[in-house]
Amino acid sequence: MRASMPIRSRLGWSVVGWLVVFIFFFPVLWMWLESLKTEPQAASSPPTLFFIPTLSTFQEVLSGDFPPFFINSAIASLVSTLLVLVLGLPAAYALAIRPIKRTQDILFFFISTRFLPFAASLVPLYLLARDLQLLDNILALILIYTTINLPLGVWLLRSFLLEIPNDLFEAARVDGASFRHEIFRIVVPLISPGLAATSLICLIFSWNEFFYAVNFTSSVAATTPIFLVGFISGRGLFYAKLAAAATVSSLPVLLAGWIAQKQLIRGLTMGAVK
Amino acid sequence: MKTGSSIVSSVAGIGGARDSAASISRREAWARRLPLLPAFIYVFLVTQIPFVLTIYYSFFSWNLLKPGSFRFSGLDNYIGLITDESTRIAVWNTVLLTVSVIAISVILGTGVAMLLNSEVFGKGLMRTLMIAPFLIMPTAGALIWKHTLLNPLYGLLPWLLTPFGLNRVDFVGQAPMVTVVTVEVWRWTPFMMLIILAGLQSQNPEVLEAARVDGANGFQAFRHITLPLVRPFIELGALLGSLFVVQTFDSIYVLTAGGPGEDTTNIPYRLYIVAFQGFSIGQASAIGVVAVIVTIIVATFALRTLFTIFRVEARR
């Protein structure tokens, strides 16, 4: 299947490919279409296929009780991502550039905590949050999301740091550069793609997180997925509104993932696949 | 075969000139360790201490709704788990869900990756659209499936199927597990596709060309040249994916709420029911310990694969 591929089979495979992609993308497209309908159009039988799109549903959602949830999601994911970078970068530096004894043990330790099921620590964390009055407090989600993403961040940042030639550090040290100088003048500029990849992955996992959000928050600190599942129980048949809220909720991660496709795959495999 | 740790050290470049830890002073050693400590201590505190507490609680009978019910009960919680029908169902559903989702999405992901690696028109846009299901918020995706695509009355799919003699099928009610698997496959196929595509793109196209010249047909070339090359990537995708799919909660919560009965209740959903509907802290903790044991088994394989990939990368 190289450039020598005849045009007819190229066309044939293109049709097959686009068909498959269409099937996979269709639920997303349908979500967008539903969000542009009026409420009766969205819940009609048979489904409405041709209609005049309207943005009124979005207007309704954005002026309703949705924004606080969205803001909570933004605070929880952005602050936890920042914490991962602040804690993770020095750790990755220690593991990659100036390795200490037992480096591999520590790497193993970090990654094992990422794949520890949430069942392992859920109950004590819940009790602790309850006793510290942190239930339904965004701080609890921030701390939990930092924990979830930090191991990944350390591995990922380390994989980027390993690509910096050692000579750069040697030279800086000969010049008498301090640790802080080394981090801010050499490391940060060189691994900005790494910081981007790490932020992207942290954002995806914390923004989309549901399990802790549903169990640790109720109203004040609830995030967007909690708002969305509220449609099941409380709000009746509001399909257009559901679709509009789902569209807005999914937009930040969708856009970030689309823009940073290269970083996405490296992040998802913890730096193993470049 | 190299062991995991020696692969890490060869990748990390430690063990050689960089690791002169024996000869450096204690002060220097601490200076090196210091940047690591905040992250290490943080992760240790938030994951390890709760886990120890989970093990501790698993030996107690304790219901949050009954004040003063905290008492030592030995192995009762574990015995309860073994004899409880619900546990067996949840473990079985977890295995069924994980294995079928991973198997199907690996096969589909390989197919799509091969399409995107060939000379099709509009590759970039295809890839962009293809990864959307993975990026969409899982709760949002599951809700859209349930209410606008699969709803027997208003959904698109039951309506599209009526000309084929199927009258308004209630997918969620009649085939709950198939529905959950479908939605999860929809979400994880793009993940597999991305990883496998990266594998395919690392292939030297001239080798395939040479095989063609030597008379190998498409299938033979795939079987003997492409597949061995992308195998580690498929394994990596399958194992990373299974670590996530084992924890599936969102789509079950939205699509079926574990039902009907317990037909789609997996271990995480069971834990949720026991801990947050029943408030049985002891029992929930015992489930936690069992879940950890199951995950350690899966993770051991996952890590080994990860290191194989690192070795391949390092060689390049």
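This passage walks through how two chains meet, how one of them is divided, and where the buried parts lie. The structure is a predicted model.

We may begin with the meeting of the two chains. The contact involves 85 residues of chain A and 89 residues of chain B. On the side of chain A that touches chain B, helix H1 (residues 7-35) of chain A gives the most, with 15 residues. Sorted by class, that side of chain A holds 63 nonpolar, 17 polar and five charged residues.

Chain A itself is divided into two parts, domain 1 (7-56) and domain 2 (60-268). The C-alpha centres of domain 1 of chain A and domain 2 of chain A lie 32 Å apart. Where these domains touch, 10 residues of domain 1 of chain A are in contact with nine residues of domain 2 of chain A. On the domain 1 side, the elements that give two or more residues are H1 and helix H2 (39-42) of chain A. The largest share of that side, four residues, comes from H1(A). By class, the domain 1 side that touches domain 2 of chain A is made up of four nonpolar, three polar and three charged residues.

The interior comes next. In the largest nonpolar core there are 160 residues, and those with the most contacts inside it are Leu141(A), Leu194(B), Ile195(B) and Ile287(B). Helix H7 (residues 138-161) of chain A gives the most to this core, with 15 residues. From each of domain 1 (7-56) and domain 2 (60-268) of chain A, the core draws at least three residues. As general background, nonpolar side chains in soluble globular proteins tend to be buried together.

One of the core residues just named, Ile287(B), deserves a closer look. Setting aside neighbours within four places in sequence, Ile287(B) is in contact with Ala119(A) from the other chain, and with Leu81(B), Ile267(B), Arg270(B), Leu271(B) and Val274(B).

Several of these partners lead to another helix. Why is helix H15 (residues 267-277) of chain B described as largely enclosed by the rest of the structure? Eight of its 11 residues are buried, so the rest of the structure largely encloses H15(B). The buried residues are Ile267(B), Pro268(B), Tyr269(B), Arg270(B), Leu271(B), Tyr272(B), Val274(B) and Ala275(B). Among them, Ile267(B), Arg270(B), Leu271(B) and Val274(B) are also contacts of Ile287(B). After H15(B) comes Phe279(B), which has a positive phi, near 55°.

Note on methods
Residues numbered from 1 in each chain as written. Chains lettered and ligands numbered in written order. Predicted model: local features only at pLDDT ≥ 70, side-chain atom pairs only at ≥ 80, totals over all residues. Buried ≥ 20, exposed ≤ 12 C-beta atoms within 10 Å, placed from the backbone. Core = buried A, V, L, I, M, F, W, Y, C linked by C-beta atoms within 7 Å. Domains from an automatic or database assignment. Contact = placed C-beta atoms within 7 Å. Nonpolar A, V, L, I, M, F, W, Y, C, P; charged D, E, K, R; others polar.
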